[in-house]
Amino acid sequence: MTQTAAAAPLATDPLRDHLAGIDLAALRETFVAQGEFVAVPDFLPAAELDALLDARLGELPALEPRVHRNFIPGHKKGGSVSRYELDAHAPAFPAFYRSQALLAFLQHLAGRPLLHCPPDDPHTYALYYYTEAGDHIGWHYDTSYYKGERYTVLLGLEDHSSCKLEYELFHDDATRAAVPGAVSITPGMLVVFNGDKLWHRVTPSAAGERRVVLTLEYLTSLGMHPLRRFVSNMKDAIAYFGFRQVFSGPRRS
Ligand SMILES: [Fe+2]
């Protein structure tokens, strides 16, 4: 695997060195045993997390007004920043997404080659902000609208909240009992799962709480039927980023 120029803005050697010290075989065993789900506390070395946080905090005055608030009664409330805004205003995040060390780690974990999303997918990487009382998302799958699998990667950036990622392993597996679990996505924690397999939600935040998570999406196929692309874009426009971002983002960036 070759190093790409896209990974250059964020030093990847500390991450690669750190990942080399992880017992990947054991982690993959857990990932497989849990139906393609794993949470890795302290995944990101302090230097790498600081690099991301410094970039974000340094650009926060420009980035925070770009948070798109959304509210779907009975299902979801929160803020999101799309890939187009991150491309334009916080390049450390796209650089992290394209890190070859991270991709190699995820491919070992998934046991298969993974692909970056196409440039017109607003959910390729994004920030989720829970900053108001009652911010949450109800039970759902991260459905893949692509022809292959969709892997969701969550990285904790800030967590001054009582929010939990609650999940049920094997929710749709008729051959075994579901296994419930919950985790706080603390700064530096990495969560990786197959979006079509993990039934999950995030519990509501309380007044005065604050939680910021980076989400990344990796695929096994770039193919998508145009109708499913439309459905995916509508979901992203309504539930996450707004119509302006989703339907004019690629052109603006
Ligand atoms: Fe989700």
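How many helices and strands does the secondary structure of the protein chain come to? Nine helices and 12 strands. The model on screen is a predicted one. Colour the chain by secondary structure before going further, and keep the element numbers at hand, as the stops below refer to them.

**Whole chain**

Start with the chain as a surface or as a contact map. It has 253 residues, and 52% of them count as buried. If contacts are restricted to residues at least 6 apart in sequence, 82% of them join residues at least 24 apart.

**The iron site**

Select the iron ion and show the side chains around it. Which protein atoms are its donors? They are NE2 of His140, OD of Asp142 and NE2 of His200, at 2.1 to 2.2 Å from the ion. Along the chain, these donors have the spacing H-x1-D-x57-H. Now switch on the surface: histidine 140 and aspartate 142 are both buried.

**Valine 202 and its surroundings**

Keep histidine 140 displayed and add valine 202. The C-alpha atoms of the two residues are 9.8 Å apart, with their positions 62 residues apart along the chain. Valine 202 belongs to strand S11, which covers residues 199-202. Is valine 202 buried or exposed? Its relative accessible area is 9%, so it counts as buried, the cut-off being under 20%.

Next, select what valine 202 touches. Leaving out residues up to four places away in sequence, the list is Tyr130, His136, Ile137, Cys163, Lys164, Leu165 and Arg211.

**The cysteines**

Cys163, one of the residues touched by valine 202, leads to the next stop. Cysteine 163 is buried, at a relative accessible area of 0%. Select cysteine 117 as well; this residue is also buried, with a value of 9%. How many disulfides does the structure hold? The count is zero.

**Strand S5**

Move to strand S5, residues 125-130, and pick out leucine 127. With 0% relative accessibility, leucine 127 counts as buried. Add threonine 215 and draw a C-alpha to C-alpha distance: it reads 6.2 Å, for two residues 88 apart in sequence.

**Helices H2 and H7**

Hide the side chains and select helix H2 (residues 24-33) together with helix H7 (residues 100-110). Their axes come within 8 Å and cross at roughly 55 degrees. Why is H2 called oblique to H7? The crossing angle makes it so, since oblique is what remains once the roughly parallel, antiparallel and perpendicular ranges are set aside.

Show the side chains in the contact. H2 contributes Leu24, Leu27, Arg28 and Phe31, and H7 contributes Phe105, His108, Leu109 and Ala110. Sorted by class, the residues in this contact are six nonpolar, one polar and one charged.

**Two positive phi angles**

Follow the chain out of H2 into the loop that runs to strand S1 (37-40), and select glutamate 36 there. Glutamate 36 is not a glycine, yet its phi is positive, at about 70 degrees. It is buried, with a relative accessible area of 10%.

Continue past S1 into the loop before helix H3 (46-58), where aspartate 42 is found. Aspartate 42 is not a glycine either, and its phi is also positive, at about 55 degrees. Where glutamate 36 is buried, aspartate 42 counts as exposed, at 60% relative accessibility.

**Arginine 66**

Go on to the loop between helix H4 (60-63) and strand S2 (68-72), and select arginine 66. Its relative accessibility is 32%, and it counts as partly exposed. Apart from neighbours within four places in sequence, arginine 66 is in contact with Ser80, Val81, Glu85 and His89. For one more distance, add glycine 79: its C-alpha atom and that of arginine 66 are 9.4 Å apart, for residues separated by 13 along the chain.

**Helix H8 and its end**

The last stop is helix H8, residues 226-241. Which of its residues are buried? Select Arg229, Ser232, Asn233, Asp236, Ala237, Ala239, Tyr240 and Phe241. In an α-helix there are 3.6 residues to a turn, so residues three or four places apart point the same way. View H8 down its axis with the buried residues coloured. Then step off the end of the helix to glycine 242, which follows H8 and has a positive phi near 90 degrees.

Terms used: Residues numbered from 1 in each chain as written. Predicted model: local features only at pLDDT ≥ 70, side-chain atom pairs only at ≥ 80, totals over all residues. Heavy atoms only, no water. Donors = N, O, S within 2.8 Å, 3.2 Å for Na, K, Ca; no water. Buried < 20%, exposed > 50% of the residue type's maximum accessible area, 1.4 Å probe, protein only. Disulfide = S-S within 2.5 Å. Axes fitted to C-alpha atoms, helices over the stretch in contact; angles between N-to-C directions. Helix = DSSP H or I, 4+ residues; strand = E, 2+ residues; numbered from the N terminus. Parallel < 35°, antiparallel > 145°, perpendicular 65-115°, else oblique. Contact = heavy atoms within 4.5 Å. Nonpolar A, V, L, I, M, F, W, Y, C, P; charged D, E, K, R; others polar.
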